[in-house]
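Here is a short set of exercises to work through with the model open beside you. Try each task before you read its solution.

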Amino acid sequence: MVPPRLVFDDVIVSATTLNRRSGEVLDQAWEKCVTIMRNQQSFALLRREQAAGMIAQLHRAQQILDLFHSIGRIRSGATLNPADEFEWLTAFPSDDLKDLADEVYAAYTRAQRGEIPPEEADSVIHEWRESAWAARSPNVRMAFEAAVDEVPLTEPILAPATLE
């Protein structure tokens with residue numbers, strides 16, 4: 001089992017230290033988060049990329065929670081508003097929704113462990129959404145219901161090679 005990541009595995013400095021040795025504190029912030037303490041208040045100093053990654057991770061988790069909530073509502077017989085972000089879920093029967101939830105959860109868990117890029121969970125949701133639109137498409141339905149009119153390919157006739 002993978003040990004949980006520490007949220008506050010950081011260096012703690014006072015505001016005075018930040019004022020006196022700002023270059024050193026910024027160098028430390030390059031390596032890991034720095035907590036700056038002032039008057040019983042604490043401030044986090046970290047690289048912008050780390051903050052952006054945290055926000056993206058939070059957004060992805062919220063989207064997945066909203067997806068699971070919508071799946072639960074549909075499976076319990078509730079209807080979704082046509083303007084709902086996850087209305088496309090109604091294209092699937094209950095068993096498929098369970099499979100969707102399992103796939104998304106597995107991808108999200110693997111991404112949290114660092115086994116796959118975080119975007120893989122987004123890709124799983126995207127593929128299911130595209131499948132929903134395809135399932136609802138009258139053109140796709142007609143293509144699947146059309147009679148098979150395949151003709152086997154014949155061997156090509158090769159022209160004799162000419163030497164020049």
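Which residue just after α3 takes a positive phi? Gly77 does, with a phi of about 100 degrees.

Before going on, some ground rules. The model is predicted, so to speak of local features a pLDDT of at least 70 is needed, side-chain atom pairs count only at pLDDT 80 or more, and totals for chains, interfaces and linings use all residues. Residues are numbered from 1 along each chain as its sequence is written, and side-chain values use heavy atoms, with hydrogens and water left out.

**Exercise 1. Compare the span of α3 with its expected value, then find its buried residues.**

Step 1. Helices are DSSP runs of H or I with at least four residues, strands are runs of E with at least two, and both are numbered from the N terminus. Helix α3 covers residues 48–75.

Step 2. The expected span is 1.5 Å times one less than the number of residues. With 28 residues, α3 reaches 41 Å from its first C-alpha to its last, close to the expected 40 Å.

Step 3. Buried means under 20% relative accessible area, exposed over 50%, and partly exposed in between, with a 1.4 Å probe and protein chains only. The buried residues of α3 are Arg60, Gln63, Ile64, Leu67, Ser70, Ile71 and Ile74. Their cover includes α4 and α5, where contact means heavy atoms within 4.5 Å.

**Exercise 2. Describe how α3 packs against α5.**

Step 1. Two packed helices are described by the angle between their axes and the distance between the axes. Axes are lines fitted to C-alpha atoms, for helices over the stretch in contact, and angles run from 0 to 180 degrees between N-to-C directions. For α3 and α5 (residues 119–136), the angle is about 35 degrees and the axes are 11 Å apart.

Step 2. On the α3 side, Arg60, Gln63, Ile64 and Leu67 make the contact, and they meet Glu119, Ala121, Asp122, Ile125 and Arg129 of α5. The residues of this contact divide into four nonpolar, one polar and four charged.

**Exercise 3. Locate some of the salt bridges and say how accessible their partners are.**

Step 1. A salt bridge is a side-chain nitrogen of Lys or Arg within 4 Å of a carboxyl oxygen of Asp or Glu. The structure holds seven.

Step 2. One of them joins Arg47 and Glu49 at 3.5 Å, N to O. Arg47 is partly exposed at 26% relative accessibility, whereas Glu49 is exposed at 54%.

Step 3. Another pairs Lys98 with Asp102, whose closest N and O atoms are 2.9 Å apart. Both residues lie in α4 (residues 94–112), four residues apart, or about one turn of the helix. Lys98 is partly exposed at 41%, and Asp102 is partly exposed at 40%.

Step 4. Arg113 bridges to Glu115 with 3.7 Å between the closest N and O atoms. Shared partners join Arg110, Arg113 and Glu115 into one salt-bridge network.

**Exercise 4. Find residues other than glycine with a positive phi between β2 and β3.**

Step 1. Most residues other than glycine have a negative phi.

Step 2. In the loop between β2 (34–38) and β3 (41–45) lies Asn39, which has a positive phi of about 50 degrees. Gln40 is found in the loop between β2 and β3 too, with a phi near 65 degrees.

Step 3. Are these residues buried or exposed? Asn39 is exposed at 67% relative accessibility, and Gln40 is exposed at 81%.

Note on methods:
Ala, Val, Leu, Ile, Met, Phe, Trp, Tyr, Cys and Pro count as nonpolar, Asp, Glu, Lys and Arg as charged, and the others, Gly among them, as polar.
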